[in-house]
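Let us take a friendly walk through a protein model together. Keep the sequence and the 3D view open beside you as you read.

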Amino acid sequence: MNLVAIDRRAHPAGAEFSVWQAADGWSLRRMDWPRPPGEAPHGSLFFAGGRGDFIEKYLETMGHWHGRGWNIASFDWRGQGDSRGTIVGGHVESFDPLVADCAAILEQWIERTPGPHVAIGHSMGGHLLLRTVVERRPRLACVVLVAPMIAFNVTPMPTWLGRRIAGSLARIGWSERRAWKENERPAPSGSNRQAYLTSCPDRYADELWWKTREPGFDLGPPTWGWLDAAYRLMAMLSPARLRTVDLAVLILGTAQDRLVSPTAIRRVARLLPKAELMMFREAAHELLRESDAVRLVAMARIDQFLAEHAGS
């Protein structure tokens, strides 16, 4: 695989940043990175990051797809990156506005860019993209979900108990309180945030560099209200609804994921009629920002899938 080397700490030449207005007036930052003038693209690729992510965090990954001939589009979810508005710490009490944002952006993007159109979502973005596919049926050639937030990995706590705790605390007035002090979830003794996300210290350092430059990008831990809303969001992907998805879907996950449930990812892969699943034995949550031993395999599998289903 020929990977295009880019500066992970600089906006790439040709990338265009703009503001997209949601139906309720919320301003979201988006990036469009078309092929250079005179070069016909293979198609158009849309990328959606996870909770706490921002466009710059995945410049290297998007640079690879751009180098393979795709027009690229991405954005910051409302409440994070440069789409924070008045939201503090990424707090939401319902994910419905985010689903509406995703559906509207996709619809406009599909109308205004050349096909085939493909969409890739990571973690929270993977879940919201899947729900958008289930409910809105965007005209996509295929979809890739990377470590999608189908369910939290709260082992050894049962999921029902985690949901009950989050719901109870949100209802008694703790909705906007931080759920813990660590950035992703309570870390056991001897571990740290990086261990949950990636084994690559350089790529982890890139994220911290951007957050130092843009302190507002650092959301910190989620609130109890965010967790309550996330549990309710995840309950909406019923088996009956998933079985109606008539679209090729590639799902990448890792058996060692300590943030989202590998078991839930496998279950969804069985329910989606046209799903393909690739599970890594040893990798952290951010597969596209992992060490090259993992990342290059993941990128190659995505490229293969896009070639098969979108002719890239």
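Helices and strands here are DSSP runs, numbered from the N terminus: a helix is a run of H or I with at least four residues, and a strand is a run of E with at least two. The model is predicted, so local features need pLDDT of at least 70 and side-chain atom pairs count only at pLDDT 80 or more, while totals for chains, interfaces and linings use all residues. Residues are numbered from 1 along each chain as its sequence is written, and side-chain values use heavy atoms, with hydrogens and water left out.

**Starting at A10**

A10 lies in the segment before β1, a strand that covers 16–21. Is A10 buried, partly exposed or exposed? The terms depend on relative accessible area: buried means under 20%, exposed over 50%, and partly exposed in between, using a 1.4 Å probe and protein chains only. A10 counts as partly exposed because its relative accessibility is 27%. Contact means heavy atoms within 4.5 Å. Leaving aside neighbours within four places in sequence, A10 is in contact with L59 and W210. From A10 to P37 there are 27 residues in sequence and 21 Å in space, C-alpha to C-alpha.

**The sheet**

Two strands pair if DSSP finds at least two bridges between them. Eight strands form an open sheet with mixed pairing, in the order β1-β2-β4-β3-β5-β6-β7-β8. β1 and β8 (275–280) stand at the edges with a single partner strand each, so one side of each has no neighbour in the sheet. On average, neighbouring strands of this sheet are turned by 20° against each other, direction ignored. Axes are lines fitted to C-alpha atoms, for helices over the stretch in contact, and angles run from 0 to 180 degrees between N-to-C directions.

Now look at two pairs of strands. β1 and β2 (residues 27–33) run antiparallel and are joined by six bridges. W20 has L28 in β2 as its bridge partner. The hairpin of β1 and β2 has five residues between the strands, and there G25 takes a positive phi near 95°. By contrast, β6 (residues 142–146) and β7 (residues 248–254) run parallel, with five bridges between them. In that pair, L145 stands opposite I251 in β7.

Helices pack on this sheet too. α3 (residues 124–136) touches β3 (43–48), β5 (117–122) and β6, and its direction makes about 135° with that of β5. α9 (residues 262–271) touches β7 and β8, and its direction makes about 155° with that of β8.

**Two helices that meet**

Two packed helices are described by the angle between their axes and the distance between the axes. α3 and α7 (residues 224–234) pack at an angle of about 40°, with their axes 11 Å apart. Angles under 35 degrees count as roughly parallel, over 145 as roughly antiparallel, 65 to 115 as roughly perpendicular and the rest as oblique. α3 and α7 are therefore oblique to each other. Which residues meet between α3 and α7? On the α3 side they are M124, H127, L128 and R131, and on the α7 side W226, L233 and M234.

**Backbone surprises**

Most residues other than glycine have a negative phi, and most peptide bonds are trans. This table lists some places to compare with that rule.

| Place | Backbone value | Location |
|---|---|---|
| G115 to P116 | cis, omega near 0° | P116: loop between α2 (96–112) and β5 |
| T155 to P156 | cis, omega near 10° | P156: loop between β6 and α4 |
| S123 | positive phi near 55° | loop between β5 and α3 |
| R137 | positive phi near 55° | loop between α3 and β6 |

S123 is buried, with a relative accessible area of 10%, whereas R137 is partly exposed at 41%.

**Cysteines and a glycine**

How many disulfides are there? A disulfide is a pair of cysteine sulfur atoms within 2.5 Å, and by this rule the count is zero. C142 is in no disulfide, and the nearest cysteine sulfur, that of C102, is 15 Å away. C142 is buried, with a relative accessible area of 1%. C200 also counts as buried, at 10% relative accessibility.

Finally, find G173 in helix α4 (residues 159–174). G173 is exposed, with a relative accessible area of 56%. G173 and T223 are 50 residues apart along the chain, and their C-alpha atoms are separated by 11 Å.
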